[in-house]
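Here is a walk through one protein model and the ligands that come with it. Have the viewer open and follow along.

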Amino acid sequence: AKEQGKSRYVRYTAELDARTVEHARLGAELQHALVSGELFLLYQPVVVLPEGALSSVEALVRWRHPERGLVSPAEFIPVAERNGMIVQIGAWVLREACRQLAEWRRRYGAAGPVRMGVNVSPRQLREPSFVQAVTDVLRETGLRPEDLLLEITETAVFDGGPALETVRALHALGVKLALDDFGTGHSSLGLLRTCPVDVLKVDKLFVDGVTGTVENSVIATSLVQIAHALQLRAVAEGVETEAQARRLYQLGYRLAQGFHFAPPLPEEEVGRLLAVRAAG
Ligand code: C2E
Ligand code: CA
Ligand code: CA
Ligand code: CA
């Protein structure tokens, strides 16, 4: 049994080593990716229930790697968090997303999205220069603070500290804030008292349950009630079926996002949607 334990340990560390090497390689390649234009953004609509009209969009980063093909952010964002590249990548995403919203506004006027959602990683929030970076991008692109929705996670702010200070400064600036993956983190409910947010993005985990038993849907039901009681907006994430959308509407959700409505789309496809809307 001892031998078996040992070999399992060896195999485990070997796997860990392989993963570390892989991460180091990805990290190095990421430096290159940013400067050589391998990163790009997709935009996923957030829609109004029940009719499904576009409200806002969320920018989601993609990496078109010359050999690996499309690399998922679930794979490279954690690597970038660890090696610090997320600060540069995040700054690029913010600028590019704001530039895009400003362009849609110029072309399509009021038919454009009401705001742009941008994911912000915990590491970015701990950067002392983050608030200034946001201010600079807004000025450069001519957007108003309320045109921008920064999506942060509970883990980034649950222990207070500089990240929470940053969030308060952003709020004071007039930028909108969302708690992403709400309900999956450390201190969800307590955080709502200390952290000034405008939107709760209710995680897919809870949305999946809404067409099941009362027990399965109880969290999604409670979260929308809490959001509205606190005068926050709730967005149901990861809606994949018509039945879920209908049920979410009955439960009180008025905003939703998910493959049922639209996957993350290239800029041109969002442009086509907006053109139709601007014409109608
Ligand atoms: P997230 O912010 O929670 O984004 C939602 C993810 O769910 C996206 O995955 C989206 O494509 C996916 N999704 C949307 N609707 C559905 C659905 O109906 N069903 C299912 N199964 N999935 C759906 P994506 O684009 O792969 O991004 C994964 C995560 O990577 C994001 O989760 C976010 O945490 C992170 N991420 C993406 N872009 C950025 C970025 O620019 N900066 C930072 N810091 N993180 C990012
Ligand atoms: Ca998000
Ligand atoms: Ca989310
Ligand atoms: Ca998520």
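What follows covers the metal ions, then ligand 1, then a histidine and a helix. Keep in mind that this is a predicted model.

**The two calcium ions**

Start with the calcium ion that is ligand 2. Its protein donors are Glu58, Asn119, Glu151 and Asp180, and they sit 2.2 to 2.3 Å from the ion. Along the chain, these donor residues are spaced E-x60-N-x31-E-x28-D. Glutamate 58 belongs to strand E2 (residues 53–65) and glutamate 151 to strand E5 (residues 148–153), so this pair ties together parts that are 93 residues apart in sequence. Are these two glutamates buried or exposed? Both glutamate 58 and glutamate 151 are buried.

Now the other calcium ion, ligand 3. The protein donors here come from Asp180, Asp181 and Glu237, with Glu237 listed twice through OE atoms, and the distances run from 2.2 to 2.5 Å. The spacing of these donors along the chain is D-D-x55-E.

Which residue coordinates both ions? That's aspartate 180, which bridges ligand 2 and ligand 3, two calcium ions lying 4.0 Å apart. Aspartate 180 has 7% relative accessibility, so it counts as buried, the cut-off being under 20%. Aspartate 181, at 28% relative accessibility, counts as partly exposed.

Here are the two sites next to each other:

| Ion | Protein donors | Donor distance | Sequence spacing |
|---|---|---|---|
| Calcium ion (ligand 2) | Glu58 (OE), Asn119 (OD1), Glu151 (OE), Asp180 (OD) | 2.2 to 2.3 Å | E-x60-N-x31-E-x28-D |
| Calcium ion (ligand 3) | Asp180 (OD), Asp181 (OD), Glu237 (OE), Glu237 (OE) | 2.2 to 2.5 Å | D-D-x55-E |

**Around ligand 1**

Ligand 1 has 21 residues surrounding it, and the closest are Arg62, Asn119, Asp180, Glu240 and Phe259. Two of those names should ring a bell: Asn119 and Asp180 are also among the donors of the calcium ion (ligand 2).

Several polar side chains reach ligand 1. In arginine 62, a side-chain N or O atom is 2.9 Å from an oxygen atom of the ligand. Glutamate 58, a donor of the calcium ion (ligand 2), has a polar side-chain atom 3.2 Å from an oxygen atom of ligand 1. For glutamine 44, the partner is a nitrogen atom of ligand 1, with a polar side-chain atom 3.1 Å away. How much of ligand 1 does the protein cover? On its own the ligand has 800 Å² of accessible area, and the protein covers 79% of that.

**Histidine 65**

Back to strand E2, which also holds histidine 65. This histidine has 6% relative accessibility and therefore counts as buried. Its side chain reaches the backbone nitrogen of arginine 68 at 3.0 Å. Leaving out residues up to four places away in sequence, histidine 65 touches Glu29, Glu38 and Val71.

**Helix H11**

Finally, look at helix H11 (residues 242–251), where Gln244, Ala245, Leu248 and Leu251 are buried. These four span an arc of only 125° around the axis, which means they are on the same side of H11. What does that buried side pack against? The buried residues of H11 pack against helix H9 (204–207), helix H10 (214–229) and strand E8 (233–236). Turn the helix around and you'll find the exposed residues Arg246 and Gln250 on the face directed away from the buried side. Right after H11 comes glycine 252, with a positive phi near 115°.

Conventions. Residues are numbered from 1 along each chain as its sequence is written. Chains are lettered from A and ligands numbered from 1 in the order in which they are written. This is a predicted model: local features need pLDDT of at least 70, side-chain atom pairs count only at pLDDT 80 or more; totals for chains, interfaces and linings use all residues. Side-chain values use heavy atoms; hydrogens and water are left out. Donors are N, O and S atoms within 2.8 Å of the metal (3.2 Å for Na, K and Ca); water is not among the atoms, so sites may look incomplete. Helices (H or I, at least four residues) and strands (E, at least two) are DSSP runs, numbered from the N terminus. Buried means under 20% relative accessible area, exposed over 50%, partly exposed in between (1.4 Å probe, protein chains only). A polar contact is a pair of N or O atoms within 3.5 Å; within protein, one must be able to donate a hydrogen and the other to accept it, and residues adjacent in sequence count only if both atoms are side-chain atoms. Contact means heavy atoms within 4.5 Å. The arc is that of the directions from the helix axis to the C-beta atoms. A residue is near a molecule or strand if one of its heavy atoms lies within 4 Å of it. Accessible areas come from the Shrake-Rupley method with a 1.4 Å probe; for residues, only the protein chains shown count as cover.
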